[in-house]
Each structure stands twice: as structure tokens, then as C-alpha cells.
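Me: Got a minute to go through this model with me? I'd like to talk about rings and surfaces.

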Amino acid sequence: MQFREIKSFFYSQYFSDGLRITIGVLLPSLILAQLHYFDAGVSMSLGALCISVVDTPGPVMHKRNAMAICNLCVFIVAVITGFARFNIYTLGIEVTLFSFLFSMFTIYGNRAASIGTGALLVMILMMDQAAKPADVLPSSAIILAGGVWYMLFSLVFFGIRPYRAAQQTLGESIDEVAKFLRIKAAFYLPDTDIDENYRKLVSQQIKVSQSQDLVREMLFKSRLLVRESTSASRILVLTFIDLVDMYENIMATHYDYAYLRDKFKHTGILAYVAKIIEHMANEVDKAAFIVLSNTKYKNPVDFTPELEKLKAKIDILAQTEPETSNIILKKILVNLRDMNQKITSIYNYYNSDSANLLFENRRRVEYSRFVTHQDYAPHIFTDNLSFDSAAFKHALRVALVCLIGFITAKTISQGHHSYWILLTIIVILKPGFSLSKQRNYQRLIGTIFGGIIGITLLILVPDKTVQFFCMVFFMLGCYSFLRFNYVLSVLFMTPYILIVFSFLGVNHIVQERITDTLIGSVIAFIASYLIFPAWEYEQIQQTLREMICANVNYLVKIAESLSGKTVDTTEYKLARKDVFVKSGNLSAAFERMTSEPKSKQKNIKEIHKFVVLNHILSSYIATVAAEIIGKTVSNSQPDIIRSIKKSLAVLNDTSAKLGGQKADFNTERSTPVSLDNKPELLVPDDSLLKEQLGFINKISADIARVSENILV
């Protein structure tokens, strides 16, 4: 398993990104050094480095546009910095204004924020460059040439294998679902701490949500993948569709685990269920590797024998203990069968014999509806110029702290590379306190231990050729781990920078780098606590409200289906997607809150209950949805409709108290379906359905109660 994980990393987008950035940044210096233009090569590498910040996962068209805009910003900032640096006051004004302006780019999303980071990076790295006024424009043009080189190199890199990035993103998302499935399996084991396992589940849910969002953007915003009818594009889209369906099945395997243990612990069935789910997680893991490595796997595990054994155990229990209801166990069995089917489908997509048969009967879906579209209108910028905007307060904080860092660099810390203070501040300061705190810790640890490694290497390995290959290794590690593990990224970054400076003839800078990093970290930490701090409790009510609204809309689709209305599958999947996204956002907000100071963790226990209860509610809704969505429901009893209306009323009332809107549904049956279409007619098991809707009633009431406590 560990060997496959290591191989998966080398097939992953993280390593691919690291390799691309390393080559793109290093190549100009290497080539121009051979032509005796080393200084120009370094400037080109600087431009390439600034543009590489924007080269994050996403559709190639978005990358191209962002890198083009970033090149323009980098050139303008390089020219202005080149002239501003001749007067310390104009340089200080520039640092303050640009820090504010480019930090405001966060209002336009992550990719726009990375453009701002690239522009600030070139400003900081050019502050201490010794250049005459006549050299400013030529040197800025060389930096621009480096940025354009990197943009073209990156686009060619993706053009050679247009589907590879989407494959990697999808494979990583499948891997996150496998980890989520393993955590779910642990609930059925008697020794598992249920509360602690819920914490793990919440944490993993964030990663699943983020990875699925990235896959949606890669697949559904790319014209190449959505509109082309090639086998490769079909397989990617279909695999993701089944992955999300499987994730819903995993969500639907939720029950009252304490009750299950109490009722069935003595039978040994729950341990057998956990074993099957664990085996399924292993198969999902293999599927992730297949997608990442773009290979075939002809012999997937067939879980039918294990599922038949589980069915036999349930049947024996029904005979030996007739007084014990085994409806829940039967429902678990159905969900496991559905998961088995989805796993088999994913494996079949990567079998060339069946790949061409997959897309024919699928209804055409408007995939663009499944992704969010960023609005870049200028009024959004002006609308956020107020203290009601978190982005405005963050930008103002960054501007003030960068000014403090600049003054410190020019007075207290007068080393040759005091721009490291500003660089540390830019990297560490994030909109939220918890993210800033995490980055602060990671950068300090990585810098200190990386410095030790760098010094040791330079002392013990004097050979310049060996040092060069070590530098390339550290450079590759730095950029490969940048999004995956920031501590390791900084750990690799520090010796890589030390070796670069040793080649430039600048030695003994380790103490200076560590000192400046420490100064920048302290300034950033104090500022994130004192200057316009952004605490999660100030924004959590909106997150809670959005979660309730998403679950209400999800439940409305069930209500419409039970009332006899034909629910459009796309509309249902949009509601489901919204629940998954909002649930991930809520879990992320809760995690951030737990890392804030205790005095700022208001109602933390109640919010944790809210997170868990909403996860349970989503799971119960998914359980009902798995049975009825896409089918024509017949003969639903009036008390079933009343039960679901009761839950909707409670949740709507809670949403209103949190400042959200109410949602309602039409109980009138839609136009009768023509018998020529031969719809699948479903007569629901009323006893099971009543039990499930009763659970939803109870959870809805619990959510209302917890929400009241939070509001108080």
C-alpha cells in the first residue's frame, strides 16, 4: 500500500506541477549562463517564478488568461519599483499602496488572488536590486520575457497531454473519497470513539468537497472535455459522475451508530460490514491509482460473494431473533450493493472493450450549471471598499503590516536581503487568523530545519556539480510539495535558496534568513491578532444559514418526488452538489474556529453539534433519495407527506431565524407520465420510509434546538 502511495505521488498533479515549475524557472538561467548572459538569465527566471504562482490547477483557458494578466501586472510593478526604489519614501508608499491593491484581488477568487501574489512577489524581489535609471526598463522587459516564456512553456506542457491534468485531479479526488470511506467503516467497529471519528469525518469531508470542486472546474469549464466526444473525455466525465453518486451512497450508509452497536453488537454483523467497507475502500484506492497512472486493471474484486454472505447473516438473524427488526441492516446491504455497482462501473470505464458503449443512453446535461462562475465586474471592487467587507479589512491589514515590515527592514534589520521580512509577511498573512497562524508555524519550522540541512550540505559537499544537482532536487521538492505539504515545501526551499546564493558568491546568509523570517513571522502573527482580526464566529451564522438552506432544498426534492411529482435528475443533482459544497464549507469553518484562541471560540460545542447533526441530516436525506429519485413514486400515504412537511417547516423556521429564506414545494402531481415511456413505478416500503422520515424529523428538531443555543 505504501509503495503504491509513493508511486501515486509521482503520478500526481503535485509532482507534475513541481516538475513543470522547476524546468520553467531553471531553464532560462541555465541556457543564458552558457551564452555568458547569466544576469539576464536570473532576471528571466525571476519573471518565470512570479508567473508560476498563477499556474495552479484549473482549465487551461483560465490559466492562459490569468498568466497573461499577471505578466502585464508584473511588468508594470517591476517598472514602478525600479524607479521608486531610488527614494525610500516613494518605495514605502509603493509598498503600502500595492500591498492593499493586490490583496484586494481576493474578492475575485483564488486565481485572481494568485495574480496579486505574483505582482507583490516581483515588487519585493526587486526592492534591493542595484539598477541605474536607464536599466529599469530593459531589466523589466527581461523579467517580462521570463514571464512570457513560462506562460508559453506551461501552455505547451498542457497542450501535449490535454487530458492529463484532469486525470490527475480526478484520481486525487477518488483517493480522498477512499479515505472518507475508511472513516465511515470505523463507525461499525465497537472500539471506535464515535465523537472522535466524527471529527475525522468532518476534516476529511473538507478535502473531498475541495477535490470535487476542483474536478468540476477542470471537467465542466473545459470546452475540450465537455464538448468533445472522444473516449478519453467521456471516461473522465462518466467516472466523476459515478464517483459523486458513490459518495452519495457512502453518505447514505449513516445511521445511529450507538443504537446499531447496542442492538447488533453481539451478532458480529457490524464487524463484517466494516470489513466489507474497508475492502471497498481498498478497491476505490486502486481505482484512484488506475486513473492517476492511466493504466488498465482487468480483474477488480467482485464483492457479490461477500454481500451474499452478509445477506445470509441478516436472514439467519431474522430467523433466530424474529423480535429484532433488521430493516436497517437490509438498507445497509442495499447501499453496499449500490457502491459495488459504482466501483465496477469505474473499473469498466478503463477497460477499452467497454469504453465506447458508455455514453449512448446518457441524457445530455448542461454541465456548466454544476460549476460556479466568477464575476469580474469592476463594481465588485468598489462595492467591497468598506469595513463591512472581510476582503477590505484583510487588504488594509496587509498594507499596514507590509509598511511596518518595510520600516523594520530598513531600520532594525539592515541585512543585504531584508526583503525576506516582507516576503514572509506576504506568504503568511491570510484573510483568517487560523490560516495565518498555521502558515506562520509551518514557515518557521521549515526555515529552521531547512537552514540546518542547507548549512550541512554546503559544508560537507564542496563540489559545485554535486551542489547543483542537490539544488535541482530541493527545487523540485519545494514546488512539488507547495500545495500538498507546506512545511516540506519550505524545508526544501531553504537549502535550495542557500545553494543559489552560494553560487552567486553570497555566503553565510543562513542566520540572516532565519532572523528575517522570525521577524516577519512575529509581525504577521501580532498583526493577525490585533489589526482588523477576522474571527470565524463573526461569519459563522452565514455559513450555518447556507447549510440549512442547502439541506432544505435537498429535502424539497424528496418531498416533490414523494408527492408524485417527476423530479428532474439534473435539478436533484444540483441540490445534492450544493449540500456537499456547503457541508464542506461548514466543516472548514469549524476547523478554522478550533485553531483560534479559546476566547474567540464562541459556542464551539454547539457549533460542533450543528456540524454533526447536519451531516447526519444530509445522510438520512441521501438514504431516502437513493430509493426514490429518478423513479415514479406511487401511493404515498398522507401521513408520509405530513411528516416530511413537518421537517421542512422546522428547518425553514430555523433558516429564517438565522436570516435565511424559506423554501416550499408544490404538492400537486405533475403531468401524468405517458405509459409509452414505461417509467419505473416505485411503491415505497411505508414502514421503512416512515422510520427514515421519523429520523429526519428528530434530527431537524435537534438542529433547531442547537441553532437556538447558538443564536443566544
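Reply: Sure. One definition to start: helices are DSSP runs of H or I with at least four residues, numbered from the N terminus. Also, this is a predicted model.

Me: OK, so which helix is L219 in?

Reply: L219 belongs to helix 9, which covers residues 194–220.

Me: Buried or exposed?

Reply: L219 is buried, because its relative accessibility is 1% and the cut-off for buried is under 20%.

Me: And how far is L219 from A166?

Reply: C-alpha to C-alpha, L219 and A166 are 6.7 Å apart in space, with their positions 53 residues apart in sequence.

Me: Switching to rings. How many aromatic pairs are there in the whole structure?

Reply: A search turns up 32 aromatic pairs. One of them is F387 with F532, a tilted pair at 5.5 Å centre to centre and 50° between the planes.

Me: Where do F387 and F532 sit along the chain?

Reply: In distant parts, 145 residues apart. F387 is in the loop between helix 17 (378–383) and helix 18 (390–411), while F532 is in the loop between helix 23 and helix 24 (540–562). F387 is partly exposed at 49% relative accessible area, and F532 is partly exposed too, at 28%.

Me: What about F433 and F525, why is that pair called tilted?

Reply: Their ring planes are at 55°, so the pair counts as tilted, and the centres are 6.0 Å apart. The pair links distant parts of the chain, with F433 in helix 20 (residues 433–460) and F525 in helix 23, 92 residues apart.

Me: How covered is each of those, F433 and F525?

Reply: F433 is buried at 4% relative accessible area, whereas F525 is partly exposed at 37%.

Me: Which surface patch does F525 belong to?

Reply: A nonpolar one, formed by L518, V522, F525, I526, Y529 and L530, with about 540 Å² of accessible area together. L530 is in helix 23, residues 510–530, and L530 counts as exposed because its relative accessible area is 60%, with the cut-off at over 50%.

Me: Which residues make up the aromatic cluster?

Reply: F9, F10, Y14, F15, F473, F474, F481, F484 and F492 form one cluster.

Me: Last thing: which rings have the charged ends of K313 and R439 over them?

Reply: K313 has its charged end over the ring of Y272, 5.2 Å from the centre. For R439, the ring is that of Y486, with the charged end 3.9 Å from its centre.

Conventions
Residues are numbered from 1 along each chain as its sequence is written. This is a predicted model: local features need pLDDT of at least 70, side-chain atom pairs count only at pLDDT 80 or more; totals for chains, interfaces and linings use all residues. Side-chain values use heavy atoms; hydrogens and water are left out. Patches are made of residues with over 30% relative accessible area and no salt bridge: like charges are joined within 9 Å, nonpolar side chains (Val, Leu, Ile, Met, Phe, Trp, Tyr) within 5 Å. Accessible areas come from the Shrake-Rupley method with a 1.4 Å probe; for residues, only the protein chains shown count as cover. A salt bridge is a side-chain nitrogen of Lys or Arg within 4 Å of a carboxyl oxygen of Asp or Glu. Helices (H or I, at least four residues) and strands (E, at least two) are DSSP runs, numbered from the N terminus. Buried means under 20% relative accessible area, exposed over 50%, partly exposed in between (1.4 Å probe, protein chains only). Rings of Phe, Tyr and Trp (its six-membered ring) pair if their centres lie within 6.5 Å; planes under 30 degrees apart count as stacked, over 60 as edge-to-face and the rest as tilted. A charge sits over a ring if NZ of Lys or CZ of Arg is within 6 Å of the ring centre and within 35 degrees of the ring normal.
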